[in-house]
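Colleague: I have a few questions about how this chain is packed. Can you take me through the model step by step?

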Amino acid sequence: MDLPVDLTALSGDGLYLWAPRGAAGSWGLANCLLITSGDDTALIDTPYDERMTRALIAAADRALPPGARVRTIVNTHANGDHCFGNAFFPGAEIISSRASLERHCREISPQQMQYLVHASDPANPLGWYARERFGAYDYTGITVVPPTVTFDGSHDFHVGDIEVRLLEVGPAHTAGDLVAHLPGQGVVMAGDVIFEGDHPVHWEGPLAEVVRAAEAVLALDAEHIVPGHGRVIGPDGVRAYIGYLRDLEGEIRERHGRGLGAYEAAADILAGGFHPHLGAPERVVMLTFIEYHHLGEATAPIEMVDLATQAARWAYTHHHATVAAG
């Protein structure tokens, strides 16, 4: 994991991007945006654990005027890698969608993550996978701090002279996704509605709804789109991502029509070389199970740990087959 020492200026005065990076297929390295104008400061999304959050705070202290502090936090959704850091900004107002607040009860807690990563059986595919993908994180001492202000549809506010427009676009990645549009700066913080550089993971779906959400981002006509993970892209990058989603939807539905089970369908898609330049191919397994759920293969929502278990099964099998092949 590569934590930036300083924030990167984005699209004019007052916007600073926190963009941690890791190897292809990394989890948990979410982009965060610091907004400052006059003596007012806001932060869109917070990091995954205390070490990352402290590093962001140290970088922000170098960018902010003396004595300034983060007064407002926006969480684009309820996944821990976008909100576990909330606890380290005492007194801040935290804004998210009402549906995102309701989603908190289905999220994996810091305590559950700590057990999976550091105490589960490493000989089990899920235990092995948790260590491989999340072993750099320490979730001890993390207290989940939920939103203090929620909304339906849209919510606008100002950070000094900078206008911020929040638009609810879920259910897509999760039930309560929002995007943050800064029209004066030509910037959209898209959260995990959009990924760059790796295969995405979506917990809610179906893929057609993720497409709809990505199209809503495109309709804002911003020059700079900050995905939840990966590098800043433009409108063409969003169009390419929409093409990926539509390609995958077609691949899944074709195999569903042939009567393949979800795991078998995902393995077949990956064996055929689906977008092999992207990291975290096991996420295709998760996306396939979600899509099958929406195609009527399961009546109840699939829990996050169950989806992770299926992805871990494929990654574990693929890893050991690759090692055995030399």
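Modeller: Start with a pair of helices. This is a predicted model. H8 passes H9 in a right-handed crossing.

Colleague: At what angle do H8 and H9 pack, and how is that arrangement classed?

Modeller: The axes of H8 and helix H9 (residues 304-325) lie 8 Å apart. The angle between H8 and H9 is about 135°. That makes H8 oblique to H9.

Colleague: Which residues of H9 make the contact with H8?

Modeller: From H8 come Val285, Met286, Phe289 and Ile290. Their partners in H9 are Leu307, Ala308, Gln310, Ala311 and Trp314.

Colleague: How far apart are the axes of H7 and H8, and what is the hand of their crossing?

Modeller: Helix H7 (residues 262-271) and helix H8 (residues 283-297) pack at about 135°, with axes 9 Å apart. That angle makes H7 oblique to H8. The crossing of H7 and H8 is right-handed.

Colleague: Which residues of H8 meet H7?

Modeller: H7 contributes Ala262, Tyr263, Ala265, Ala266, Ile269 and Leu270. On the H8 side they meet Val284, Val285, Thr288, Phe289 and Tyr292.

Colleague: Where on H7 do the buried residues fall, and which helices do they pack against?

Modeller: The buried residues of H7 are Ala262, Tyr263, Ala265, Ala266, Ile269 and Leu270. Seen down the axis of H7, they fall within an arc of 160°, so they line one face of the helix. They pack against helix H6 (235-257), H8 and H9.

Colleague: What follows H7, and which residue with positive phi lies in the loop between H7 and H8?

Modeller: H7 is followed by Gly273, whose phi is positive, near 80°. The loop between H7 and H8 also holds a residue other than glycine with a positive phi, near 45°. Its relative accessible area is 22%, so it counts as partly exposed. That residue is His275.

Colleague: Is Asp45 buried or exposed?

Modeller: Asp45 sits in the loop between strand S4 (40-44) and helix H1 (50-63). Its phi is positive, near 70°, though Asp45 is not glycine. The cut-off for buried is under 20% relative accessible area. Asp45 has 1%, so it is buried.

Colleague: How do H5 and H6 run relative to each other?

Modeller: The axes of helix H5 (residues 207-219) and H6 come within 10 Å. They cross at roughly 170°. An angle over 145 degrees counts as roughly antiparallel. H5 and H6 are therefore roughly antiparallel to each other.

Colleague: Which residues of H6 meet H5?

Modeller: In H5 the contact residues are Leu207, Ala208, Val210, Val211, Ala214, Glu215 and Leu218. In H6 they meet Pro235, Val238, Arg239, Ile242, Leu245, Arg246, Leu248, Glu249 and Ile252.

Colleague: Is Asp236 buried or exposed, and how far is it from Arg246 in space?

Modeller: Asp236 is in helix H6. Its relative accessible area is 59%, so it is exposed. Asp236 and Arg246 are 10 residues apart in sequence. C-alpha to C-alpha, the distance between Asp236 and Arg246 is 15 Å.

Colleague: Which residues have the most contacts inside the largest nonpolar core?

Modeller: In soluble globular proteins, nonpolar side chains tend to be buried together. Here the largest nonpolar core has 84 residues. Those with the most contacts inside this core are Phe134, Ile194 and Leu248.

Colleague: What does Leu248 touch?

Modeller: Leave out residues up to four places away in sequence. Leu248 then touches Leu207, Ile269, Phe274, Val284 and Leu287.

Colleague: How many residues are in the other core that lies apart from it?

Modeller: That other core includes Leu15, Phe157, Leu178 and Val226. Its count is 21 residues.

Colleague: Where on H3 do the buried residues fall, and which helix is among what covers them?

Modeller: The buried residues of helix H3 (residues 110-118) are Pro110, Met113, Gln114, Leu116 and Val117. Seen down the axis of H3, they fall within an arc of 165°, so they line one face of the helix. What covers them includes helix H4 (125-134).

Colleague: Which residues does a cis peptide bond join in the model?

Modeller: One such bond has omega of about 5° and joins Gly170 and Pro171. Pro171 lies in the loop between strand S9 (162-168) and strand S10 (178-182). Pro206 is found in the loop between strand S11 (187-195) and H5. There, with omega of about -5°, the cis bond joins Gly205 and Pro206.

Terms used
Residues numbered from 1 in each chain as written. Heavy atoms only, no water. Buried < 20%, exposed > 50% of the residue type's maximum accessible area, 1.4 Å probe, protein only. Helix = DSSP H or I, 4+ residues; strand = E, 2+ residues; numbered from the N terminus. Arc of directions from axis to C-beta. Contact = heavy atoms within 4.5 Å. Core = buried A, V, L, I, M, F, W, Y, C linked by side-chain atoms within 4.5 Å. Axes fitted to C-alpha atoms, helices over the stretch in contact; angles between N-to-C directions. Parallel < 35°, antiparallel > 145°, perpendicular 65-115°, else oblique. Left-handed = near helix turned anticlockwise from the far one by under 90°.
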